[in-house]
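Trainee: I have a chain open on my screen and could use some help reading it. Can we go through it piece by piece?

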Amino acid sequence: MFDERAIPGSAQAYIYSMEKVNLAQKLLEISDSWNPRIAGTLNGQHVKLVKFKGEFVWHHHEKEDELFYVIKGSFDMHLRDKIITVNQGEFLIVPRGMEHKPVASEEVEVMLFEPATTLNTGNIENELTKKELDSI
Ligand code: NI
């Protein structure tokens with residue numbers, strides 16, 4: 001089953017270590033905010049786990065659509081013309097090019113699904129920017 005042509009970090013490379021992922025267990029390993037961890041890789045996309053608390057920065061992504069799925073808690077996604085509250089068990093897709101700013105009054109656990117190229121702060125670079133993400 002092992003494919004030597006598998007691209008490191010791709011789903012194929014995980015054939016030997018293929019395991020299911022328990023979200024609650026993985027989230028126990030995260031104690032900081034706004035620092036996404038890579039929990040899975042497929043088709044050039046990353047499944048990321050992250051905790052939000054407080055206010056992020058306005059930004060957009062030129063080429064990537066982003067999916068935010070709330071595992072536990074809720075947060076407000078600020079858009080320029082409205083605010084969408086995303087509750088536990090719900091997801092929101094922010095299309096490429098659309099400015100957005102997540103705000104979480106209480107800590108919220110979120111799964112992101114987006115292309116591996118996606119930078120968390122999009123077109124903005126500041127102290128919240130995470131260029132290298134850890135795997136979890
Ligand atoms: Ni974004």
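Mentor: Start with one pair of residues: Lys51 stands opposite Glu109 in S7. Keep in mind that this is a predicted model, where local features need pLDDT of at least 70, side-chain atom pairs count only at pLDDT 80 or more, and totals for chains, interfaces and linings use all residues. Residues are numbered from 1 along each chain as its sequence is written.

Trainee: What do S2 and S7 do together, and over how many bridges?

Mentor: S2 and S7 pair in the antiparallel sense, over 10 bridges. Two strands count as paired if DSSP finds at least two bridges between them. Strands (E, at least two residues) and helices (H or I, at least four) are DSSP runs, numbered from the N terminus.

Trainee: How many helices and strands are in the chain?

Mentor: The chain has one helix and seven strands. Along the sequence the pattern reads α-β-β-β-β-β-β-β.

Trainee: Back to S7. How does S3 pair with S7?

Mentor: S3 and S7 are antiparallel, with five bridges. Tyr69 has Met111 in S7 as its bridge partner.

Trainee: And which way does S4 run against S7?

Mentor: Strand S4 (residues 74–79) and S7 run antiparallel and are joined by four bridges. In S7, Lys101 is the bridge partner of His78, and Val103 is the bridge partner of Asp76.

Trainee: What joins S4 to S5?

Mentor: A hairpin does, through three residues. S4 and strand S5 (residues 83–87) run antiparallel, with five bridges between them. One of the partners there is Ile84 in S5, which stands across from Met77.

Trainee: Different topic. Which residues of the largest nonpolar core touch the most other members?

Mentor: That core has 15 residues, and the ones touching the most other members are Val50, Phe52, Val70, Phe75, Val108, Val110 and Leu112. S2 (45–55), S3 (66–72) and S7 (100–115) each supply at least two residues of this core. S7 gives the most, five residues.

Trainee: What is a nonpolar core, exactly?

Mentor: A nonpolar core is a set of buried Ala, Val, Leu, Ile, Met, Phe, Trp, Tyr and Cys residues joined through C-beta atoms within 7 Å. A residue is buried if 20 or more other C-beta atoms lie within 10 Å of its own, exposed if 12 or fewer, and partly exposed in between, with C-beta atoms placed from the backbone. In soluble globular proteins, nonpolar side chains tend to be buried together.

Trainee: How much of the chain is buried?

Mentor: Buried residues are 22% of the 136 residues.

Trainee: Pick one core residue. What does Phe52 touch?

Mentor: Leaving out residues up to four places away in sequence, Phe52 touches Ser33, Trp34, Phe75, Pro102, Ala104, Val108 and Val110. Contact here is when the C-beta atoms of two residues, placed from the backbone, lie within 7 Å.

Trainee: Where does Trp34 lie?

Mentor: Trp34 lies in the loop between helix H1 (23–28) and strand S1 (37–42). Trp34 is buried, because 20 other C-beta atoms are within 10 Å. Its phi is positive, about 60°, although Trp34 is not a glycine.

Trainee: What sign does phi have in most residues other than glycine?

Mentor: Most residues other than glycine have a negative phi. Asn43 also has a positive phi, near 55°.

Trainee: Is Asn43 buried or exposed?

Mentor: Asn43 counts as exposed, because it has 8 C-beta neighbours inside 10 Å. Asn43 sits in the loop between S1 and S2.

Trainee: What about Asn87, which residues does Asn87 touch?

Mentor: Not counting residues up to four places away in sequence, Asn87 touches Val70 and Ser74. Asn87 is in strand S5, and it is exposed, with 10 other C-beta atoms within 10 Å. The C-alpha atoms of Asn87 and Asp76 are 8.7 Å apart, for residues 11 positions apart along the chain.

Trainee: Last one. Where is the place of Asn126?

Mentor: Asn126 is in the segment after S7. Apart from neighbours within four places in sequence, Asn126 is in contact with Val57 and Thr121. Val57 is 69 residues away from Asn126 along the chain, with 8.9 Å between their C-alpha atoms.

Trainee: What share of the contacts with a separation of 6 or more comes from residues 24 or more positions apart?

Mentor: Such residues account for 63% of those contacts in the chain.
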